[in-house]
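I opened this entry to keep a record of what I looked up, residue by residue. The notes follow the order in which I checked things.

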Amino acid sequence: MTPQRELVFRSFFELGKHVSVDELYDRVRAIDKSVGYSTVWRNLKLICDVGLAREVNVGDGVTRYDRITRKPHGHLYCLGCRKLVEFDLENVADALAGIANSREFEFENFKVEIEGYCKSCRQNSGRKFS
């Protein structure tokens, strides 16, 4: 593995969840100015191709990359501040598998993404929680 590839991989996993290409690029460039955008992009694509991450699109026009974990999780996406928060889906995953199986549907994967407004954005805008 080249030093640049190792830096991109290490930086991706250190940054944690829901990383955009630009965020990863900024992190890598802070450590090594010689790494180009295309190098970061190609290696992020490789991270996805080998099954360590997947694209997450929540409708804000920014593609993010999320580490693949053993435990299923969903995303809460705030339409106000654009914060993305994970939540546990272990019980829901069983229910979704049951729904698919009862309809003789073999699923490969599923996504659960809930859009709305976080507590802070609701308070700032005067929105009531329902």
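**His18 and its surroundings**

I began with the contacts of His18. Setting aside residues up to four places away in sequence, His18 touches Glu23, Arg64, Tyr65, Asp66, His75, Leu84 and Glu86. I note here that the model is a predicted one. His18 itself sits in the loop between α1 and β1, the latter being residues 19-20. Is His18 buried or exposed? It is buried, at a relative accessible area of 9%. For one of its neighbours I also found a polar contact: the side chains of His18 and His75 are joined at 3.0 Å.

**Salt bridge**

Next I searched the whole structure for salt bridges and got 1. The partners are Arg27 and Glu14, and their closest N and O atoms are 2.9 Å apart. I looked up where the two residues sit. Arg27 belongs to helix α2 (residues 21-31) and Glu14 to helix α1 (residues 3-15), so the pair, 13 residues apart, links distant parts of the chain. As background, side chains of opposite charge can pair when their charged atoms come close. Then I checked accessibility on both sides. Arg27 is partly exposed, with a relative accessible area of 28%. Glu14 is also listed as partly exposed, at 44% relative accessibility.

**Cysteines**

How many disulfides does the structure hold? The count is 0. I then looked at Cys78, which is in no disulfide; the nearest cysteine sulfur is that of Cys121, 3.6 Å away. Why is there no bond from Cys121 to Cys78? The two sulfurs, 3.6 Å apart, are too far from each other for a bond, because a disulfide requires them within 2.5 Å. Cys78 counts as buried at 4% relative accessibility. Cys121 is buried as well, with a relative accessible area of 16%.

**Nonpolar patch**

I looked for nonpolar patches on the surface. Phe13, Val50 and Leu52 make one of about 240 Å². Of these residues I followed up Phe13, which is found in helix α1. Phe13 is partly exposed, its relative accessible area being 32%. That value clears the cut-off for patch members, because they need over 30% relative accessible area.

**Positive phi**

I went through the backbone angles next. Most residues other than glycine have a negative phi. Arg82 is not a glycine, yet its phi is positive, at about 65 degrees. I placed Arg82 in the loop between β4 (73-78) and β5 (84-88). At 46% relative accessibility, Arg82 counts as partly exposed.

Glu104 also came up, with a positive phi near 50 degrees in a residue other than glycine. Where does Glu104 lie? It is in the loop between α4 (90-102) and β6 (113-116). Glu104 counts as exposed, at 78% relative accessibility.

**Pairs apart in sequence**

Last, I checked C-alpha separations for residues that are apart along the chain. I took Tyr37 to start with, which lies in helix α3 (residues 37-49). Its C-alpha atom is separated by 6.3 Å from that of Tyr25, 12 residues apart along the chain. Tyr37 touches Val21, Asp22 and Tyr25, again not counting residues up to four places away in sequence. At 37% relative accessibility, Tyr37 counts as partly exposed.

I then turned to Ile68, found in the loop between β3 (64-67) and β4. Which residues is Ile68 in contact with, leaving aside neighbours within four places in sequence? They are Gly51, Leu52, Ala53 and Arg54. For Ala53 I noted the backbone distance too: the C-alpha atoms of Ile68 and Ala53 are separated by 4.9 Å, with the two residues 15 apart along the chain. Leu52 had already appeared in my notes as a member of the nonpolar patch. Ile68 counts as partly exposed, with 46% relative accessibility.

My final entry is Lys71, in the loop between β3 and β4. Lys71 and Glu90 are 19 residues apart in sequence, and their C-alpha atoms are 6.7 Å apart in space. Lys71 is exposed, at a relative accessible area of 53%.

Conventions
Residues numbered from 1 in each chain as written. Predicted model: local features only at pLDDT ≥ 70, side-chain atom pairs only at ≥ 80, totals over all residues. Heavy atoms only, no water. Salt bridge = Lys/Arg side-chain N within 4 Å of Asp/Glu carboxyl O. Helix = DSSP H or I, 4+ residues; strand = E, 2+ residues; numbered from the N terminus. Buried < 20%, exposed > 50% of the residue type's maximum accessible area, 1.4 Å probe, protein only. Polar contact = N/O pair within 3.5 Å; in protein donor to acceptor, adjacent residues only side chain to side chain. Contact = heavy atoms within 4.5 Å. Patch = residues over 30% accessible without salt bridge, like charges linked within 9 Å, V, L, I, M, F, W, Y side chains within 5 Å. Areas by Shrake-Rupley, 256 points an atom, 1.4 Å probe, with all protein chains shown as cover.
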